[in-house]
Every structure is written in structure tokens, then in C-alpha cells.
Amino acid sequence: MLIFLSLLVFLLLNLVIALIASRTAKSRYLSRKESINTLTVVDQARQSVGIMSVIADYVESLIRYQLRLLGNVPSHRVRNLILTHIYGMKIGKRVVIYGGFEIRSPWNISIDEGTIIGDESKLDGRNEIVIGKNVNFSTGVWIWTEQHDFQSPSFACKGGKVEIGDHAWISTRSIILPGRKIGEGSVVAAGAVLTKNTEPYGVYGGVPAKKIGERIRHLEYSFNGEHYHFF
């Protein structure tokens, strides 16, 4: 019983710290100008000396640690509750985010109603992700909004917002690179690496992904929110 109470206190304490840290980080991230040459708040803090650098490292590490743990919590409702009310992620009605995920900067991510995010997904919200209605992510989809510029003398980071239109299907083990816009009803085939925008209702596959077909238009399906509670 003592061990259980100790673990419970530890968890509650970490959630409180995570709430404070995430609110602070969210306000600072959202207030900064979006520029490929702008350092993140943590990077700026690291340039300072002493205690501020230590605090910046701790805050970043704590948020990443808490979110990695959250991806393994065996309850869909608990995960969504914490993502919404502690980390400020915008989640619509009937949205299912399956377990095993890794989410960065969730306060910069918006998911509209009726969307399914498959298990083992990675969502990098550092430069914002906007996902439309009734979108389907299969297992292991990776979305990146920031990456290194290999042509930069300092190996600097650059990136951009990723937008995904309604009724898009992002199939298993596909990768979406920064700054991409996926049109309404588009399909990104399994294992594809998307380096360019997609046309509405286009089907894209390959590395790098190219248009390989067309999808029917006037899609009408709407996800009702059914899911496995412990998955």
C-alpha cells in the first residue's frame, strides 16, 4: 500500500509540474514569430548561463518524458483528457488517438472531429499541425514540421506548418515532411515519403512520393468514434 501511495503521489506531482511547464512553454512558443531562423525558447534559454540554462533543459526534458509516458497509458479517454486540458492540444469530437504515440509541442496541434490517429504515430507540432475532419492515420505515421538544413553552414533547423484536409488517408509507415499541405480526400500510400503538396483526391506513393492515381470524389463517410478503450 505504501508503494502504491508513493507512486500515486509521484505521478500527481509530475502532472502538476507538467501542467505548469507546458502552460509556460505554450505561451512562449505561441508568442514567438514563426521564422526558420528563429531559435526555440529552449534554444534561447540555453544560450544564457547558470540556472536558466538548467531550468530550460529540465522543462524540455520533463515535457518530453511526460508525453512519452502518456503514449503508453492504457486508456483512450485519459490520454485525450490530459492532452487537451494539461497540454493544450485541440481535439474535436469523436477523435481517437491510439496508444504508443510520440507527440511534440501538442499545444500547436489541432485535430478536427471524427479523425483517427493510428498507433505508434509521431506528431511533431513544433511548427504547427492542422488535421481536418474524418482523416485516417494508419499505424506508424510520422509527421515532421522541423528538420535540419544540410546546406546550412551551421546545420540550422528550418520547417513549416503541415495541413491535412478532410477525408485524407495517411497510410501505414508513411512520412510527411515539413511545410506540406495534403489536399482534401488525398491518399498517401504505405511507406511513402511526402516531400511536396498533394492535390485533392490524388493518390501518392513512393520515395519521394509521386502521384499514382485518383480517388473518387464526394466522400461521405463519417467516423462515429468507436474504439478499443485500452488501446
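**Exercise 1. Glu102 and Lys122**

Task: In this predicted model, find what joins the side chains of Glu102 and Lys122, and state which strands they come from.

Solution.
- Step 1. Check the N to O distance. It is 2.7 Å between the side chains of Glu102 and Lys122.
- Step 2. Apply the cut-off. A salt bridge needs the nitrogen within 4 Å of the carboxyl oxygen, so the Glu102 and Lys122 pair is a salt bridge.
- Step 3. Place the partners. Glu102 is in strand β3 and Lys122 in strand β6 (residues 122-124). The two are 20 residues apart, and the pair links distant parts of the chain.
- Step 4. Add the exposure. Lys122 is partly exposed, at 22% relative accessibility. Glu102 is buried, at 9%.

**Exercise 2. Extending the network**

Task: Identify the salt bridge between Arg68 and Glu102, then name the network around them.

Solution.
- Step 1. Arg68 and Glu102 meet through their side chains at 3.9 Å, N to O.
- Step 2. Arg68 belongs to helix α3 (residues 51-70) and Glu102 to strand β3 (residues 102-104), so this salt bridge ties together parts 34 residues apart in sequence.
- Step 3. Arg68 is partly exposed, with 46% relative accessibility.
- Step 4. Collect the members. Salt bridges link Arg64, Arg68, Glu102, Arg104 and Lys122 in a network.
- Step 5. Set this against the total. The model has 9 salt bridges.

The general principle is simple. Opposite charges on side chains can pair when the charged atoms come close.

**Exercise 3. A salt bridge from loop to strand**

Task: Describe the pairing of Glu199 with Lys211.

Solution.
- Step 1. The closest N and O atoms of Glu199 and Lys211 are 2.7 Å apart, and the two form a salt bridge.
- Step 2. Glu199 sits in the loop between β17 (193-194) and β18 (202-205). Lys211 sits in strand β19 (residues 210-214), 12 residues away in sequence.
- Step 3. Both ends are partly exposed: Glu199 has a relative accessible area of 43%, and Lys211 has 36%.

**Exercise 4. Strand β18 and its partners**

Task: Work out how β18 pairs with β16 and with β19.

Solution.
- Step 1. Take β16 (residues 187-188). It runs parallel to β18, with 2 bridges between them. Val187 has Val203 of β18 as its bridge partner.
- Step 2. Take β19. Its pairing with β18 is antiparallel, over 4 bridges. Tyr204 stands opposite Lys211 there.
- Step 3. Look at the turn. β18 and β19 make a hairpin with 4 residues between them. Gly206, in that turn, has a positive phi of about 105 degrees.
- Step 4. Check the side directions. Gly202 and Tyr204 point one way from β18, while Val203 and Gly205 point the other way. All are buried.

**Exercise 5. The parallel sheet**

Task: Give the strand order of the open sheet with 5 strands, and identify its edges.

Solution.
- Step 1. The order is β3-β6-β9-β14-β17, with parallel pairing.
- Step 2. The edge strands are β3 and β17, each pairing on one side only.
- Step 3. Examine the β17 edge. Strand β14 (residues 175-176) joins β17 through 2 bridges, and the two run parallel. Ile175 stands opposite Val193 in β17.

**Exercise 6. The two sides of α4**

Task: Which residues of helix α4 are buried, and where do they lie around the axis?

Solution.
- Step 1. List the buried residues of α4 (residues 76-85): His76, Arg79, Asn80, Ile82 and Leu83.
- Step 2. Measure their spread. They cover an arc of only 165 degrees around the axis, so they lie on the same side of α4.
- Step 3. Turn to the other side. Arg77, Leu81 and His85 are exposed there.
- Step 4. Recall helix geometry. With 3.6 residues a turn in an α-helix, residues three or four places apart point the same way.

**Exercise 7. Ser138 in its loop**

Task: Is Ser138 buried or exposed, and what does its side chain touch?

Solution.
- Step 1. Ser138 lies in the loop between β8 (136-137) and β9 (142-143).
- Step 2. Its relative accessibility is 15%, so Ser138 counts as buried.
- Step 3. The Ser138 side chain makes a polar contact with the side chain of Trp169, at 3.0 Å.
- Step 4. Leaving aside neighbours within four places in sequence, the contacts of Ser138 include Gly118, Ser121 and Thr172.

Key:
Residues numbered from 1 in each chain as written. Predicted model: local features only at pLDDT ≥ 70, side-chain atom pairs only at ≥ 80, totals over all residues. Heavy atoms only, no water. Buried < 20%, exposed > 50% of the residue type's maximum accessible area, 1.4 Å probe, protein only. Polar contact = N/O pair within 3.5 Å; in protein donor to acceptor, adjacent residues only side chain to side chain. Contact = heavy atoms within 4.5 Å. Pairing = 2+ DSSP bridges. Arc of directions from axis to C-beta.
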